[in-house]
There are 2 protein chains.
Amino acid sequence: MKQSELFVKTSKTTLKEDTSTNARLLEQGGFIYKNSSGIYTYLPLGWRVIQKIAQIIREEMNAIGGQEMFMPALHDKHYLQATKRWDVDVVFKVISGQDKEPHFNISWTHEEIAAEIASRFVDSYKDLPFSLYQIQTKFRHEPRAKSGLLRGREFMMKDLYSFHTDEAGLEKFYEQVAGAYHKIFERCGLKAIYTLAAGGEFTASHTHEFQVLAPVGEDTIHVCQKCGYAVNDEVKTTDECPKCGGKFEAVKSIEVGNIFPLGTKYSEAFDLKYTDSDGQKKFVVMGSYGIGLGRVMGTIVEIYNDGKGIIWPDSVAPFKAHLIALPGKEEAAVMEAADKIYDDLQAAGIDVLYDDRRNTTPGEKFADSDLLGIPTRVVVSAKTLAETSVEVKKRSETEAKLVKISELAKHV
Amino acid sequence: MKQSELFVKTSKTTLKEDTSTNARLLEQGGFIYKNSSGIYTYLPLGWRVIQKIAQIIREEMNAIGGQEMFMPALHDKHYLQATKRWDVDVVFKVISGQDKEPHFNISWTHEEIAAEIASRFVDSYKDLPFSLYQIQTKFRHEPRAKSGLLRGREFMMKDLYSFHTDEAGLEKFYEQVAGAYHKIFERCGLKAIYTLAAGGEFTASHTHEFQVLAPVGEDTIHVCQKCGYAVNDEVKTTDECPKCGGKFEAVKSIEVGNIFPLGTKYSEAFDLKYTDSDGQKKFVVMGSYGIGLGRVMGTIVEIYNDGKGIIWPDSVAPFKAHLIALPGKEEAAVMEAADKIYDDLQAAGIDVLYDDRRNTTPGEKFADSDLLGIPTRVVVSAKTLAETSVEVKKRSETEAKLVKISELAKHV
């Protein structure tokens, strides 16, 4: 894509100092646009990042047998009333026309919907286990929406629901999901710590969170300095690790994912039963598993940045290479060479953002490039062309080097 | 995917007779699940169809320079108040916590959001033209939600917004979009008629609709029997075609897309101006262009079906081939051969649904296959294996033929 045609422009306006790093860099870079507190538009650049994250999640969900579907956002009140969650604080309710009484809410979660759908299709133990997931919007009335993409009122979530004949089946799948989650976060460049958490709104038993260490995080977790075992604030009772006797250290972190054993709470509410091999009717045992896509994106930015801008990991970068033409006094020759390099890189299957702007100074172009954080920067100028070369620099490194144009595609 | 592992099962329950064809076949086939009137879940099979349609739309939008983004669904009331649309009947408003006064609505359209975002990024005529699109959910309070996917309260829409310096630029792009729309519908197997419509909520000038002839359609359009020119009910004043003098015939149809010249209505509301080459500030001229993805899917089913089920066009079919094993008395041999064919077809890059169920009769399997409507059916049985062959039948044809297993992938 040519930068002259890219809708989004970087902004020189510095946001308020108390704005979180991810909000500041993503808004200045033109990745997102803030419509209201906790409500963002993903602009073309930001949407490319979300699509990359979504694809990684889909691959890992499909690998453990998850089937993708898409549930609605508008829920009749019978769903939340069945589980006594209709009057929970975070619920946004919906009114229409002259009617002031709400009959719907917008999705703050989808356990009820998933359980009701499953009840229509599950008869026998032979229909189990299975798992369904979606990438769909959640809405939560957060009085203190803040921290950019880290805590939103509207946010995109991957939510997976699993259905089993018994607790043993659930536990086995729960471990598989934990493995898939570790892969997802690792592929996104995040080191996520598997953390024991208390049960809550969703379940009576313990749950687990995936936490990424970051000073901006709203959570505090306690990580054993000896064995790495981690628990969150709710379950912490001692200074000593119950696994190895090591010492816990308290650290700030961001919750990027969570997994919940749900037991039969939702199956009971929606009469989700199966007939076992001995002919007995039993409630299906469920689990649910969430990852916030925007929060993953925001966390990546919190971890990967420097004073100049974002430093995207390859796997989620909006483009692989940032080609920058510096026309200078030999504009015609430089632009011709840069156009050809752009075509060649694209032909080699490399996603390139091409800064083809003619009336922008080299300084502005470099500053934009650092802000946008595309992994590899390729500069074309009269000086590099004199050596039939381009200057290549990794965003994560400081040293640039000359690379022959003929070897560029291979090099990138 | 193995049918024994596919979450969805077909249903033998016949829905009420007054249900539309698309709702009946899609619900019975396990493509969709009705959560409330006009509100559906796309189950894994149905979601595959939606993803195919989305991909076709993305390719054609990108081809005319559209850039994909994603705007939120929760809109602060200042957006609709700015264009005096806050109290329009179809708007769903949102309340939260103890506050009974709505401060938000959920997206019934996105013109306001798009115009406000553009106003932040457009300065000069050099920033124009450009176009942005998204595939996002719309919510409309339809008192008479009905007809399955044809008229929903919640539905997925591709909406494109374009921004120009003047009317001439808009008109040129408007024609490009019309061309792209014709390609999209044609690729989806639909013959869409370009139909003149009146202005409305969105614009004062004329607009255009893409209409597919179907008895179930809620619209009536008037098509000239001589030249094919078409107008909708709102703009029809005579029985005679104004283009050629031919005779209009009234026909029922489904609106699958629409395109609107918006002029400067939204630019004025959101102060979306650019500086022209002569230094003058002028309002940006906008257009908006919609396609309902669920409605396209429902329309395809209305057009492509017979007494037995759906007949998906190749381009949007959830799978390319439906492999059916008929184990019979030689179960071990047949299943082994079918398993191998399944692996080979997948290795050849063919999307296959494999009916590997062992305790289902051939009659049930064939009935399911006809209902699901996958384009090519491949049957493996002891009888076909005796000839080192499989039986291949197109869903759209009645004759089956034997094909050597070694030539199957090429054949499919």
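Two strands are taken to pair if DSSP finds at least two bridges between them. In this predicted model, strand β21 of chain A, residues 376-381, and strand β22 of chain A, residues 389-394, satisfy that condition with four bridges, and they pair in the antiparallel sense. Within this pairing, A:Val378 has A:Val392 of β22(A) as its bridge partner. Strands of a sheet pair through backbone hydrogen bonds, in either a parallel or an antiparallel manner.

The two strands belong to an open sheet of five strands in chain A, whose order is β20-β19-β21-β22-β23 and whose pairing is mixed. At the edges of this sheet stand β20 (352-355) and β23 (400-404) of chain A, and because each has a single partner strand, one side of each is left without a neighbour in the sheet. From one strand to the next, the twist averages 25 degrees.

Helices lie across this sheet as well. Helix α8 of chain A, residues 331-347, lies across β19 (321-326), β20, β21 and β22 of chain A, and its direction makes an angle of about 165 degrees with β19(A). Helix α9 of chain A, residues 362-372, lies across β19, β20 and β21 of chain A, and runs at about 175 degrees to β19(A).

Stepping back to the whole of chain A, the reader will find eleven helices and 23 strands, and C-alpha atoms that fill a box of roughly 80 × 60 × 45 Å when this is taken along the principal axes. Of the 412 residues in chain A, 48% are buried. If one considers the contacts in chain A between residues at least 6 apart in sequence, 69% of them join residues at least 24 apart.

Elsewhere in chain A, the axes of helix α1 (residues 21-28) and helix α7 (residues 293-303) come within 8 Å and cross at roughly 95 degrees. The helices α1(A) and α7(A) are therefore roughly perpendicular to each other, since crossing angles of 65 to 115 degrees are classed in that way. On the side of α1(A) the contact is made by A:Thr21, A:Asn22, A:Leu25 and A:Leu26, and on the side of α7(A) by A:Gly298, A:Val301 and A:Glu302. By character, the residues of this contact divide into three nonpolar, three polar and one charged.

Chain B has a helix crossing of its own to set beside this one, in which the axes of α1 (residues 21-28) and α7 (residues 293-303) of chain B come within 8 Å and cross at roughly 95 degrees. That angle makes α1(B) roughly perpendicular to α7(B). Here the contact is formed by B:Thr21, B:Asn22, B:Leu25 and B:Leu26 of α1(B), together with B:Gly298, B:Val301 and B:Glu302 of α7(B).

The contact between the two chains takes 42 residues from chain A and 42 residues from chain B. On the side of chain A that touches chain B, the largest share, five residues, comes from strand β5 of chain A, residues 92-96, and the residues of this side divide into 26 nonpolar, eight polar and eight charged. Strand β5(A) is joined by five bridges to strand β5 of chain B, residues 92-96, and the two run antiparallel. One pair in this arrangement is A:Lys93 with its bridge partner B:Ile95 in β5(B).

A residue that touches both chains is B:Pro102, which is found in strand β6 (residues 99-106) of chain B. Leaving aside residues up to four places away in sequence, B:Pro102 touches A:Ile95 as well as B:Lys77, B:Lys93, B:Val94 and B:Ile95. B:Pro102 counts as buried because it has 20 C-beta neighbours inside 10 Å, and 20 or more is the number that this class requires.

Two further elements of chain B complete the tour. Strand β1 (residues 32-36) of chain B is joined to strand β2 (residues 39-42) of chain B by four bridges, and these strands run antiparallel, with B:Lys34 standing opposite B:Tyr40 in β2(B). Their hairpin has two residues between the strands, and in it B:Gly38 takes a positive phi near 75 degrees. Helix α4 (residues 111-121) of chain B, for its part, is mostly covered, with eight of its eleven residues buried; among them are B:Glu111, B:Glu112 and B:Glu116, alongside B:Ile113 and B:Ile117.

Note on methods:
Residues numbered from 1 in each chain as written. Chains lettered and ligands numbered in written order. Predicted model: local features only at pLDDT ≥ 70, side-chain atom pairs only at ≥ 80, totals over all residues. Axes fitted to C-alpha atoms, helices over the stretch in contact; angles between N-to-C directions. Contact = placed C-beta atoms within 7 Å. Nonpolar A, V, L, I, M, F, W, Y, C, P; charged D, E, K, R; others polar. Parallel < 35°, antiparallel > 145°, perpendicular 65-115°, else oblique. Buried ≥ 20, exposed ≤ 12 C-beta atoms within 10 Å, placed from the backbone.
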